[in-house]
Amino acid sequence: MTTSPTTNPVMDDWHRFTSLDRLDNHWDRPGWTPGRRSYHWMLTFENATELHTLADRCQQRLRLPVLDPVPPDGLHLTLRRLAFTDQIGRADVDRAVEQTCVRLAGVEPFSLAVGPLAGSSGAVRFSVLPWAPVVAVRDGLIEAITAVLGPAAVVVKPNGFRPHVGIAYCNSRTDAHPIISAVRELRELPPVRVTVGAVALVELRREERAYRWDTSARVRLVSAC
């Protein structure tokens, strides 16, 4: 099983963020060598106009050299990596999609409230509620990956998954306090709602300090696969 929500995830997100003294370089992450790509399961928000507008409004107020804004077509909620593309063959990717269809067959489309703004050690991001349907989808993904690649491929860190939507990534180690202060002024903006009707498997890459992807498969919730 994956992370269960705390009593108040929104306030917990904020308290975790405000306890930081420094932010780290988000792009300095293990495994991401130049040109490498990764298969990731995500929720994507290409048509979520209200979310795009809210993200842009926040980004306009967070124009700092240490923050790389996420473009509108790059907004996403990461669920789980399947594997780096050089670690898995096409047949296993197809099997993973098939197993995901089976595991998510009973999951219905759901709505999420995105916001208010908070952050982490390497990003500025929106909190997301409720957690339960997101965790249910992720649990199904973990079961599917385990069925195809085995338990060693799905090591789950305790309390490591906190649903969120990032709007800016920190590109160098820096003092957290000015960014926390800037984010605090934006927390009164009301959340927006998005509807989740599918889960996307994307081939993720990095381009000029931004995530870009090609969609490899899309599993629709409560639909025949």
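This is a short group-meeting talk about the sheets, helices, pockets and unusual backbone spots of one predicted model.

Okay, hi everyone. Just keep in mind as we go that what you see above is a predicted model. I'll begin with the sheets.

There's an open sheet built from 4 strands, and if you walk across it the order is β4-β2-β10-β11, with antiparallel pairing. So which strands sit at the edges of this one? Those are β4, residues 76-84, and β11, residues 211-220, and each of them pairs on one side only. On average, neighbouring strands here are turned by 30° against each other, if you ignore direction.

Let's zoom in on one pairing. Strand β10 covers residues 198-206, and 9 bridges join it to β11, with the two running antiparallel. If you want a spot to click on, try Val-199, which stands opposite Val-219 in β11. Between β10 and β11 there's a loop, and that's where you find Glu-208. Glu-208 isn't a glycine, and yet it has a positive phi, about 50°.

Now, what lies across this sheet? One answer is helix α3, residues 90-103, which lies across β2, β4, β10 and β11 and runs at about 30° to β2. Helix α4, residues 132-149, lies across β2, β4 and β10. At what angle does α4 run to β4? About 5°.

On to the other sheet I want to show you. This open sheet has 5 strands in the order β3-β7-β6-β5-β9, and the pairing is antiparallel. The edges here are β3, residues 67-69, and β9, and again each pairs on one side only. Neighbouring strands in this sheet are turned by 35° against each other on average, direction ignored.

Here's a pairing from that sheet: β5, residues 110-119, is joined to β9 by 5 bridges, and the two run antiparallel. One residue to look for is Val-114, whose bridge partner in β9 is Val-192. Helix α1 packs on this sheet too, touching β5 and β6, and its direction makes about 25° with that of β5. Then there's helix α2, residues 49-61, which packs on the sheet and touches β3, β5, β6, β7 and β9. The direction of α2 makes about 135° with that of β9.

While we're around β5, have a look at Pro-116, which lies in that strand. The peptide bond from Gly-115 to Pro-116 is cis, with omega near 5°. Another cis peptide bond joins Leu-129 and Pro-130, where omega is about -5°. Pro-130 lies in the loop between β6 and α4.

Next up, empty space. The largest pocket has a volume of about 1,600 Å³. It's lined by 47 residues, and the closest to its centre are Arg-29, His-40, Thr-78, Lys-157 and Gly-160. Which element gives the largest share of that lining? That's β4, with 9 residues. Elements giving two or more residues include α1, α4 and β7. By class, this lining has 21 nonpolar, 15 polar and 11 charged residues.

The second largest pocket holds about 220 Å³ of space. There, 13 residues make the lining, and Thr-44, Phe-45, Glu-46, Thr-195 and Gly-197 lie nearest the centre. The elements giving two or more residues are β2, β9 and β11, and β9 gives the most, with 3. That lining divides into 6 nonpolar, 4 polar and 3 charged residues.

What about cavities? A search of the whole structure finds 1 cavity of 30 Å³ or more, and the largest cavity has about 50 Å³ of space in it. Its lining includes Trp-27, His-76, Tyr-169 and Arg-209. Sorted by class, the lining of the largest cavity has 7 nonpolar, 2 polar and 2 charged residues.

Two of those names come back in my last topic, aromatic pairs. The whole structure has 6 of them. Trp-27 and Tyr-169 make one that is edge-to-face, at 5.3 Å centre to centre with 70° between the planes. Why does this pair tie together parts that are 142 residues apart in sequence? Because Trp-27 lies in the loop between β1 and β2, while Tyr-169 lies in strand β7.

That's it from me, thanks for listening!

Note on methods
Residues numbered from 1 in each chain as written. Predicted model: local features only at pLDDT ≥ 70, side-chain atom pairs only at ≥ 80, totals over all residues. Heavy atoms only, no water. Pairing = 2+ DSSP bridges. Axes fitted to C-alpha atoms, helices over the stretch in contact; angles between N-to-C directions. Contact = heavy atoms within 4.5 Å. 1 Å grid on protein atoms, 1.4 Å probe; cavity = no way out; pocket = protein on both sides within 12 Å on 5 of 7 lines; lining within 4 Å. Points joined across faces, edges and corners; volume = space filled by probe spheres on them. Nonpolar A, V, L, I, M, F, W, Y, C, P; charged D, E, K, R; others polar. Phe/Tyr/Trp six-rings, centres within 6.5 Å; stacked < 30°, edge-to-face > 60°.
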